[in-house]
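Here's a quick briefing to read alongside the sequence and the 3D view. It goes topic by topic, so feel free to jump around.

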Amino acid sequence: MVAEQNKAPKTEIEPPKSSTFSPSEESLTPTVMDPPPVLNVRAQSALLQEAFGKPVPLDLDTPASTPSPQRGSFIAGMGWRAFKSALGLGVIIVAGVGPVQRLLEFSSVEAVVNARLVSLRAPIDGRIKDADSAPTIGAEAPKGRLMFRITNSRADRARLDDLQRLVDQAEGERPAIATRLLRLKEIHQQISQQARAFQTGRIRELEERMMDLKAQASATGASEFEAASTLARTKALAASGYQTTVAVERADRDAKVAAETQRSLNHRLFASEVELEAARRGEYVGDSYNDRPSSLQHADELSVRVAETEAELSSRDQRLARLHAALDAEATRYSELSNAVLSSPTDALVWEVLVSPGEEVRKGQDLLRLLDCSRAIVTVTVRESVFNQLRLGDTAQFRFSGQSGKYNGTIVRMSGSAAPPDNLAIQPTGPSSGGYRIAVSVPDLAWTQCGVGRTGTVVFNVSAGAGGPLQSLRDAMSFFLPGS
């Protein structure tokens, strides 16, 4: 068909003439050529048949939905416009949701990284001793590091000197008492030996006396037997008339004397046995001496003196021990009053140095302030509307100005518009109009990265049900920027 069109002569299709106008209208308005009418398929076929002289088959089976070239170009133009509109809407969303979300979120007006200060105060009056390495601002102060040494040459030591004199006096008297006790013990030992020797000799004497009495009793028994036999024989002879009455009486006398002598010896022997038993027990029974000899009495007196001396020495030792304890306590107290060493109680940084070596200080005077960054916090100022939506324990995120990193934290204090006095490194300047202060604990801020004084922003995560419609809108906006 294209080839046939190329072979066809160039003919111009005259458009239908428009209706004629009146001379007045043509003279007043310029002639504007009407655009060629849009021909349908049948009109185009009839026009081609008239031009080429042969019919052009019509494809009447073509679906009616097949778009024409003008319709395809129209649809393509509308698709490009829709794409550009969607792209512009996306740019508007990306550029506008972020600021709107920042406007609707619960954030701080200002936030400053803060930390607590550890103040070192003078425990005594005195002078700061010169040190080789004096603390400087910003220097690290690890735990236990020596910061200052204070000496006081005017500390009162009168009590210490008194105790030292009493200790010297007690220690000087003790050797004399100990020597006297030793001598008394030696004498007591000698007297005790002498008394034991006397007891041993007395016992042997009594044993020998008993043996003598037993021998005499044996002899007296023999004499008694002989006298009894003589008496019986004399009586027999007197009965037969061979002895006189005088002889009988003499024999009777001898028998009675022998019996009484035997009886006397038995009593003396019993008395010796009693005296011997008492001597063995350490008791002495007799007419020529007391129940205890003088040696034992002297030994008893020495034992009493030894006990008294031992008690005196023990009392002196106890008193000396108490004096030594009091002396040690007083020496410790005097050392604390005359010398003091100040060390860093924790790992920190030197924040402020208030004195210099050689300076006189008073007890309780501030000497040094250390910055404890191990428990850094963030002090935040918020609007009243945000303050009323927050609660203690709510979570928050802190980010430094100009950085994207976030640090999780927790609200630990809500002080309102009037901040209470606190030992923070950066104190609030005073009540600000419309400003409410909050303290947020941020454990992730290590002391090496404390950054006290750096500013940033805190975004609060309000607890459920406390945000109201603004919180709902903020959650809806976060759907478009989930990472914001």
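What follows starts with the whole chain and then moves through cores, sheet, surface and charged pairs.

Keep in mind that this is a predicted model. The chain has 484 residues, and 27% of them count as buried. Its secondary structure adds up to nine helices and twelve strands.

**Overall picture**

- The accessible surface of the chain is about 31,800 Å², with 55% of that belonging to carbon and sulfur atoms.
- If you take contacts between residues at least 6 apart in sequence, 80% of them join residues at least 24 apart.

**Nonpolar cores**

- The largest nonpolar core holds 26 residues, and Val378, Val380, Val382, Ile438, Val440, Val458 and Phe460 have the most contacts inside it.
- Two or more residues each come from strand S1 (110-121), strand S8 (366-382), helix H8 (384-387), strand S9 (395-400), strand S11 (436-441) and strand S12 (455-461).
- S8 gives this core its largest share, six residues.
- Another core lies apart from that one; it has 17 residues, including Ala141, Phe148, Val350 and Leu367.

**A four-stranded sheet**

- There's an open sheet of four strands, in the order S5-S4-S2-S7, and the pairing is antiparallel.
- Its edges are strand S5 (339-343) and strand S7 (360-361), each of which pairs on one side only.
- Strand S2 (residues 126-128) and strand S4 (residues 146-151) run antiparallel and are joined by two bridges.
- For a specific spot to click on, try Arg127, whose bridge partner in S4 is Thr151.
- As background, strands of a sheet pair through backbone hydrogen bonds, in either a parallel or an antiparallel way.

**Nonpolar patch on the surface**

- Trp80, Phe83, Leu87 and Val91 make up a nonpolar surface patch, and together they have about 450 Å² of accessible area.
- Trp80 sits in helix H4 (residues 69-104).
- Trp80 counts as exposed because its relative accessible area is 51%, and the cut-off for exposed is over 50%.

**Salt bridges**

- A search of the whole structure turns up 22 salt bridges.
- Arg183 pairs with Glu186, with their closest N and O atoms 3.2 Å apart. Both are in helix H5 (residues 158-240), and they're three residues apart, so about one helical turn separates them.
- Arg183 is partly exposed at 45% relative accessibility, and Glu186 is partly exposed too, at 36%.
- Glu275 and Arg202 also form a salt bridge, at 2.1 Å from N to O. Glu275 belongs to helix H6 (residues 245-280) and Arg202 to helix H5, so this pair ties together parts that are 73 residues apart in sequence.
- Is that pair buried or exposed? Glu275 is buried, at 13% relative accessibility, and Arg202 is buried as well, at 10%.
- Arg263 and Glu260 meet in a salt bridge at 3.4 Å, N to O. Both lie in helix H6, three residues apart, or about one turn of the helix.
- Arg263 is partly exposed, with a relative accessible area of 48%, and Glu260 is partly exposed at 43%.
- Arg121, Glu352, Asp366 and Arg369 are joined into one network by salt bridges that share partners.

**A buried arginine**

- Arg316 lies in helix H7 (residues 294-338).
- Arg316 counts as buried because its relative accessible area is 17%, and buried means under 20%.
- Setting aside neighbours within four places in sequence, Arg316 is in contact with Ala170, Glu173 and Ile177.

Key. Residues numbered from 1 in each chain as written. Predicted model: local features only at pLDDT ≥ 70, side-chain atom pairs only at ≥ 80, totals over all residues. Heavy atoms only, no water. Core = buried A, V, L, I, M, F, W, Y, C linked by side-chain atoms within 4.5 Å. Buried < 20%, exposed > 50% of the residue type's maximum accessible area, 1.4 Å probe, protein only. Patch = residues over 30% accessible without salt bridge, like charges linked within 9 Å, V, L, I, M, F, W, Y side chains within 5 Å. Areas by Shrake-Rupley, 256 points an atom, 1.4 Å probe, with all protein chains shown as cover. Salt bridge = Lys/Arg side-chain N within 4 Å of Asp/Glu carboxyl O. Pairing = 2+ DSSP bridges. Contact = heavy atoms within 4.5 Å.
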